[in-house]
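Hi,

Here is the structure I promised to pass on. Have a look at it first, and then read on for what turned up.

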Amino acid sequence: VVSELKQPVANLSTVLAGRVSGIVGLQQTGEPGNDAANIWVRGIATLGGTSPLILVDGVERSMDDLNPEDIESFSILKDASATAVYGVRGANGVILITTKRGKEGKPKISVTANWGLQRPTQIPEFLGSYEHLVLRKKAWENDGKDPLQQDNGLLTDESLEGFRLGEDPYRYPDVNWYDEMVNKRGALQQQYNINISGGTKAVKYFISLGYLNQGGMFKYTDLQ
């Protein structure tokens, strides 16, 4: 159903898995601009290219930069009989997308807007430098090795005491790099779309304008 594809996401491919029958999706990163999902129709069917053939209005192209608000119909061809007309290119399935067209009548204006907050589903708790090194020293001892001969002398009593006191951040650093690099409050994503359609018997029109602003979880990685 086309309405189920209208989700507050940056890439259409990320909403297919779980909403469209026969689609398997894998999203490997949340990096803005690079967070599209790899999709397969009924799994991996060939040894070469494994992605399905995607046709938008009869033209082969990516769906990642396609606005869900512009989609009129969405269908997936899975069976061999249905994909036979596409030859070997249809071996991994075919996704057919048709965009909206203007209809005869007075101009119709549609406006949509959505906001969302992106946050990690789970944030691990990390040990500080001193706690980490104490456990590392114990691990070397459990392996029957001398900790003083490992890690370039980092596990001496003097070194451990320096990390414990934290008085010299240059020699004995204890930086929480997660706090330094990641925006823990989350990243705001906002999306707006406006389209105008109408026409006469001779001429029909459909005009669509969309804007997406996606913040990144890492600091200074926003994308427009």
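Before anything else, a word on the names: helices (H or I, at least four residues) and strands (E, at least two) are DSSP runs, numbered from the N terminus. One more thing to keep in mind is that this is a predicted model.

On confidence, the protein chain has an average pLDDT of 85, and 94% of the residues score at least 70. If you go element by element, helix α2 (residues 129–142) comes out with the highest mean pLDDT, at 95. The lowest mean, 79, belongs to helix α1 (residues 80–83).

Now the sheets. One of them is open and has 4 strands, in the order β4-β3-β6-β5, with mixed pairing. Its edge strands are β4 (59–60) and β5 (71–77), each of which pairs on one side only. Further in, β3 (residues 53–56) and β6 (residues 94–99) run parallel to each other and are paired over 4 bridges. If you want a spot to click on, try Leu53, which sits opposite Val94 of β6.

While you are in that part of the chain, look at the loop between β4 and β5, where you will find Ser62. Is Ser62 buried, exposed or partly exposed? Its relative accessibility is 37%, so Ser62 counts as partly exposed, because that label covers everything between the 20% and 50% cut-offs. Ser62 also has a partner from elsewhere in the sequence: Leu12 is 50 residues away along the chain, yet the two C-alpha atoms are separated by 9.9 Å.

The other sheet is open too, with 3 strands in the order β7-β8-β9 and antiparallel pairing. Here β7 and β9 (204–214) are the edge strands, each pairing on one side only. From one strand to the next, the twist averages 5°.

Taking the two pairings of this sheet in turn, β7 and β8 run antiparallel and are joined by 12 bridges. Two places to check that on screen are Ser110, whose bridge partner in β8 is Asn195, and Gly116, which stands opposite Gln189 in β8. On the other side, β8 and β9 are also antiparallel, with 11 bridges joining them. They form a hairpin with 4 residues between the strands. In that pairing, Ile194 has Leu209 of β9 as its bridge partner.

This brings me to the largest pocket, since some of those strands turn up again there. Its volume is about 300 Å³. There are 17 residues in the lining, and Gln27, Asp35, Gln118, Gln189 and Gln214 lie nearest the centre of the pocket. Note that Gln189 is the residue I mentioned above as standing opposite Gly116. Which strand gives the most to the lining? That is β7, with 3 residues. Both β7 (105–118) and β8 (187–199) supply at least two residues each. As for the chemistry of the lining, 9 of the residues are polar, 6 are nonpolar and 2 are charged.

Last stop: the loop between α2 and α3 (157–165), which holds Asp151. Asp151 has a positive phi of about 55° although it is not a glycine. Asn152 is found in that loop as well, and its phi is likewise positive, near 55°, again in a residue other than glycine.

How do Asp151 and Asn152 fare on exposure? Asp151 has a relative accessibility of 24%, so it counts as partly exposed. Asn152, with 83%, counts as exposed, because that term starts over 50%.

To place this loop against the helix before it, use Leu133, which is found in helix α2. Leu133 is buried, with a relative accessible area of 5%. The C-alpha atoms of Leu133 and Asp151 are separated by 10.0 Å, and the two residues are 18 apart along the chain.

That's the tour. Shout if anything looks odd on your screen.

Cheers

Methods: Residues are numbered from 1 along each chain as its sequence is written. This is a predicted model: local features need pLDDT of at least 70, side-chain atom pairs count only at pLDDT 80 or more; totals for chains, interfaces and linings use all residues. Side-chain values use heavy atoms; hydrogens and water are left out. Two strands pair if DSSP finds at least two bridges between them. On a 1 Å grid over the protein atoms alone, a cavity is a set of points where a 1.4 Å probe fits but cannot get out, and a pocket is an open set with protein on both sides within 12 Å along at least five of seven lines; lining residues have an atom within 4 Å of a point. Grid points are joined across faces, edges and corners, and a volume is the space filled by probe spheres set on the points. Ala, Val, Leu, Ile, Met, Phe, Trp, Tyr, Cys and Pro count as nonpolar, Asp, Glu, Lys and Arg as charged, and the others, Gly among them, as polar. pLDDT is the predictor's confidence in each residue, from 0 to 100. Axes are lines fitted to C-alpha atoms, for helices over the stretch in contact, and angles run from 0 to 180 degrees between N-to-C directions. Buried means under 20% relative accessible area, exposed over 50%, partly exposed in between (1.4 Å probe, protein chains only).
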